[in-house]
Structures are given as structure tokens and as C-alpha cells.
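Could you walk me through this model in my viewer, stop by stop? I would like to know what to select next and what is there.

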Amino acid sequence: MKVLILGATGFLGSILYQKALQEESLTVVGTSRLSNAAKNIISLDVMDKHLVAQTIESIKPDVVIWCLMSMENEDQLIEIGLKNVVTHLSEVTKFIFISTDAVFVDGRGDYDELDPTGLLPSEARLAIYVNAKHAGEQYLMKNHPYHVIVRTGPLYGDNHYIEKCTLQIIEHIKESKPYYAWENVFRSFVNVHDLSDALLELTKNNVIGILHAGPRQKESYYTFNKKRVEQLGFDSTYICPVIVPKEENPYISLDTSLRTDKISELLPTVFRNI
């Protein structure tokens, strides 16, 4: 089976790519926007329609996994890049799209796959990213039935592969400076290795539709950050709780935790708690 991983050098994509290479049943090609010397990673800018068409025609993938993210340019990535890719796929090619818990904008938490998503007003800090992910989901549902939309909360790594936010906290600790973390903002934090395992399972089965990935237990940013730095061997007493006043931050979704019963029933992957 041929698997094409779009964005194979990012935080998620690089772990997924390395795990996929170890699967004897898979022939794996990864992409990077910049040239990369790693085995089977090719340079591809999904904004280039002709290059996308040539790449897909050459590889003829059975499964494509979208691990691309651009934040401030996410709207262009979806509006142009996603459509460039999907337009050139065979209808029997499975497309796995990594989305986000942030499409749930009302912040009530404990969302299942059937709960309605929403849009942020243009003045919201994350509006471009969230609204683009929302648009990507809608486009796939209308134009490529053989898809899986995987929604996930914030990702974190292990002792050797540390996410950017935690590295910033560690710098505060090393300098004996307090780090203030939200005590009333809750997420389903997802280990990148577990998510990668689940994505590989999805390449091998016929599961389609929307799946929420992650553990059943939610954490506030405060409890997550404390547990994460303790996991890495650092003093967590420098992490201090702070309450986010909703009236001063109207566009922050206080709770986007995900109900993950469905993925637990369908896949053997066990998502760990922090």
C-alpha cells in the first residue's frame, strides 16, 4: 500500500513518517515544502497545482495524510492547497485530514463527532486558522467521500521530542521565573506518538467519517503544564495558575475537550493521559 504524507517534517508529520517507514506493508513517501535529504521525502508545495498533479500521478497513493499547517496562512493552504490535492485524487484514494478541536467555538466541552462546529469572527486571534480548518472539513465532506477527518487537541511529545510551548516553560524554570498557565481553559491534550499510531491504523482499514482523537481525560493548561514539566524532570512549582476572564477574552473557547469513545471502539490505539 502506498501512503503519501503531506507535511512529513513537522511536529506530527515527522513522527508519523518515521513510524510509517517501519511498517513493512507500507510504501511511504513524505513531502516537505523545502528540500530535504531524508529518505523518501520529496519537495512539494501544494500551492503549485501542476506539481501536485505530477506528484500524485507519479506516486498513485492509496492513502494521503494531510499533516500540513500554516496558522497565519491557513486560509490559503486550504482554499488553494487542499483543493489542488483533492482535485487530483482518485475517488478510491483514502484522504486523512488532521483538523482541530478549535472548530468548536462555543467552549462548552465534551464534544462528540456529531456536535455542530462554528466560525470565529474575523477579529479573533485564531480566526484564520480555525475558519480555514472548518472550511477544509466542509470541502472534504462535499467533494471526497472517502475521507477521515481527525480532530485533535494540542499535541505533545516525549522526553526526547519536546513541543515548543513546553520548551518555553522550561526556559522560565531555568531562569527561576514564574510561568502563568490558564486554570480555567480545558483541552484534550494528545500524545503525538499515540496520534501517529492511530493514523497508521486508519491507513489499513475502511473506517471513514469524523473521529475525535485523544484520551478521555481532559486537562487545564495549568494541570497539563505542571504534569508535563514534572514528566521531564523539572520543578513545576514555577508554574502558577491564572484565571482567564471570559469577558476580557470573548473569543477564547474555555473548554474544547473531545469525547473520544468512537475512536477507542474502532481502533486498537490507546491514547495515554499526561
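**A tour from the sheet outwards**

Start by selecting helix 3 (residues 74–87), which lies across strand 1, strand 4 (63–66) and strand 5 (94–100) and runs at about 170 degrees to strand 4. Keep in mind as you go that this is a predicted model.

Next, add helix 4 (residues 127–143) to the selection: the axes of helix 3 and helix 4 come within 8 Å and cross at roughly 20 degrees. Helix 3 and helix 4 are therefore roughly parallel to each other, and their crossing is right-handed. To see the contact, show side chains for E74, D75, I78, L82, K83, V86 and T87 in helix 3, and for I128, Y129, A132, K133, A135, G136, Y139 and L140 in helix 4. Colour this contact by class and you will find nine nonpolar, two polar and four charged residues.

Now hide the helices and bring up the strands. Seven of them form an open sheet with parallel pairing, in the order 3-2-1-4-5-6-11. At the edges sit strand 3 (41–43) and strand 11 (209–213), each of which pairs on one side only. Turn the sheet to follow its twist, which averages 20 degrees from one strand to the next.

Stay at the strand 11 edge and select strand 6 (residues 147–152) as well. Strand 6 and strand 11 pair in the parallel sense over five bridges. Which residue of strand 11 stands opposite T152? Label A213 to find this partner.

Then move along to strand 3 and show helix 2 (residues 49–59). Helix 2 lies across strand 1 (2–6), strand 2 (27–32) and strand 3, and runs at about 150 degrees to strand 3.

For a look at the rings, note that the structure holds eight aromatic pairs. One of them is W66 with F97: the ring centres are 6.2 Å apart and the planes stand at 40 degrees, so the pair is tilted. Since W66 lies in strand 4 and F97 in strand 5, the pair ties together parts that are 31 residues apart in sequence.

Last stop: select helix 1 (residues 11–21) and helix 6 (residues 192–204), which pack at an angle of about 55 degrees with their axes 9 Å apart. Helix 1 and helix 6 are therefore oblique to each other, and their crossing is right-handed. On the helix 1 side, display F11, L12, I15, L16, K19 and A20; they meet V192, H193, L195, S196, D197, L199 and L200 in helix 6. By class, this contact has nine nonpolar, two polar and two charged residues.

Conventions: Residues numbered from 1 in each chain as written. Predicted model: local features only at pLDDT ≥ 70, side-chain atom pairs only at ≥ 80, totals over all residues. Heavy atoms only, no water. Axes fitted to C-alpha atoms, helices over the stretch in contact; angles between N-to-C directions. Helix = DSSP H or I, 4+ residues; strand = E, 2+ residues; numbered from the N terminus. Parallel < 35°, antiparallel > 145°, perpendicular 65-115°, else oblique. Left-handed = near helix turned anticlockwise from the far one by under 90°. Contact = heavy atoms within 4.5 Å. Nonpolar A, V, L, I, M, F, W, Y, C, P; charged D, E, K, R; others polar. Pairing = 2+ DSSP bridges. Phe/Tyr/Trp six-rings, centres within 6.5 Å; stacked < 30°, edge-to-face > 60°.
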